Structure formats: structure tokens, C-alpha cells
Amino acid sequence: MKNTAKKSKKEGRIVNVASAAHDFSYAQGILFDKINDKESYNRLHAYGQSKLANILHANELAKRLKGAATTCYVALHPQVKGVSGEYFSDNNMATNTTTSLAKDYVLAKKLWEFSLDLTNPK
């Protein structure tokens, strides 16, 4: 879908259809350990479970696609060409979101040297 959107220059959309019937799911939500269990099957609860699964899947997919957006932006967008060592969040350079430890250059150097010691064969 991302490739198609890039080639066609048109935004793609994923549409999931659910219903208020998700409220009729089993009390525990999704019965992962009994997903195909005939003994505990209840038609109304199973339908509710399927609608709940549609909603949960859409939410997780949206979260995962959005998490990749900033990474793609920083890697590909011409506006950040030449920018290095900055912290980005939601496709923007974050200015006040890192802690003082995240800006500690002495700690960064120590971590770098520690990592080299761990990864270099002796």
C-alpha cells in the first residue's frame, strides 16, 4: 500500500468495518486460547469478538504505521537533509522532549566506548 501511494502520488487508506456489536464480545474480550473451541462457542459473543478484533486490529495497525512515519520522514524528506543527531517525534524535530541525560555528551561517549569494547573481538 505504501509503495502504491508513493508511485501514484495518491494517499491510500485502510478501512475496517466494525459495529456496536463489539460490545457483545466475550467478557474477556478475545478468547485466544479458545478461538476455535466448539464447546464455548456462542454465536452472539463470537460475532462481537470478531467486531472487537476488527477495531483492535485497526488501532494497532494505525499505531504501527504512524510509528514508521517519523522514521521514513527523517530518512527520506529533503527538509532534513544534512540534519544529524537530532531527536524527532511526529515528523518534527523535538526540542523540549529529551531529558538532560539524553543530551549528556560525556555519557554518550562512555556508551560508545563501552559498546565498542563489547563488540570488538579481543
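1. How many helices and strands does the protein have? Three helices and two strands. Bear in mind while reading on that this is a predicted model. Starting at the N terminus, the order of elements is α-α-β-β-α. The radius of gyration is 23 Å, well over the 14 Å that the globule rule gives for 122 residues, so the protein is more spread out than a compact globule.

2. Some overall numbers to go with that. Along its principal axes, the C-alpha trace spans about 60 × 45 × 35 Å. Of the 122 residues, 13% count as buried. The accessible surface comes to about 10700 Å², and carbon and sulfur atoms account for 57% of that. If you look at contacts between residues at least 6 apart in sequence, 37% of them join residues at least 24 apart.

3. A word on charge. The protein carries 18 positive and 11 negative charges, and the mean positions of the two sets are 10 Å apart.

4. Now for single residues, beginning with Thr70. You'll find Thr70 in helix 2, which covers residues 43–76. Is Thr70 buried or exposed? Its relative accessible area is 13%, and the cut-off for buried is under 20%, so Thr70 counts as buried. Once neighbours within four places in sequence are set aside, Thr70 is in contact with Phe88, Ser89, Asp90 and Asn91. With Asn91 there is a polar pairing to look at: a polar atom of the Thr70 side chain sits 3.1 Å from the backbone nitrogen of Asn91.

5. Asp90 is the next stop. This residue is in the loop between strand 1 (88–89) and strand 2 (92–93). Asp90 has 49% relative accessibility, which makes it partly exposed. Which residues does Asp90 contact, leaving aside neighbours within four places in sequence? They are Lys66 and Thr70. There is also a distance to Tyr73 worth having: the two residues are 17 apart along the chain, with their C-alpha atoms separated by 9.3 Å.

6. Asn91 belongs to this loop between strand 1 and strand 2 as well. At 29% relative accessibility, Asn91 counts as partly exposed. Check the backbone angles here. Most residues other than glycine have a negative phi. Asp90, however, has a positive phi, near 50°. Asn91 has a positive phi too, near 65°. To come back to the earlier contact, the backbone nitrogen of Asn91 is the atom that lies 3.1 Å from a polar side-chain atom of Thr70.

7. Over to helix 3, residues 105–119, where Leu118 lies. Is Leu118 buried or exposed? Leu118 has a relative accessible area of 61%, so this leucine is exposed. How far apart in space are Leu118 and Asp90? From C-alpha to C-alpha the separation is 33 Å, while in sequence they are 28 residues apart.

8. Last, the loop between helix 1 and helix 2, where Asp23 has its place. Asp23 is exposed, at 61% relative accessibility. Where Gly48 is concerned, Asp23 is 25 residues away along the chain, yet the C-alpha atoms of the pair are separated by 6.2 Å.

9. Gln28 sits in that loop too, between helix 1 (2–8) and helix 2. With a relative accessible area of 62%, Gln28 is exposed. Take Tyr87 as the partner for a distance: Gln28 and Tyr87 are 59 residues apart along the chain, and their C-alpha atoms are separated by 39 Å.

How values were computed:
Residues are numbered from 1 along each chain as its sequence is written. This is a predicted model: local features need pLDDT of at least 70, side-chain atom pairs count only at pLDDT 80 or more; totals for chains, interfaces and linings use all residues. Side-chain values use heavy atoms; hydrogens and water are left out. Helices (H or I, at least four residues) and strands (E, at least two) are DSSP runs, numbered from the N terminus. The radius of gyration is taken over C-alpha atoms; the globule rule is 2.2 Å times the number of residues to the power 0.38. Buried means under 20% relative accessible area, exposed over 50%, partly exposed in between (1.4 Å probe, protein chains only). Contact means heavy atoms within 4.5 Å. Accessible areas come from the Shrake-Rupley method with a 1.4 Å probe; for residues, only the protein chains shown count as cover. Lys and Arg count as positive and Asp and Glu as negative; His and the chain ends are not counted. The place of a charge is taken as NZ of Lys, CZ of Arg, CG of Asp or CD of Glu. A polar contact is a pair of N or O atoms within 3.5 Å; within protein, one must be able to donate a hydrogen and the other to accept it, and residues adjacent in sequence count only if both atoms are side-chain atoms.
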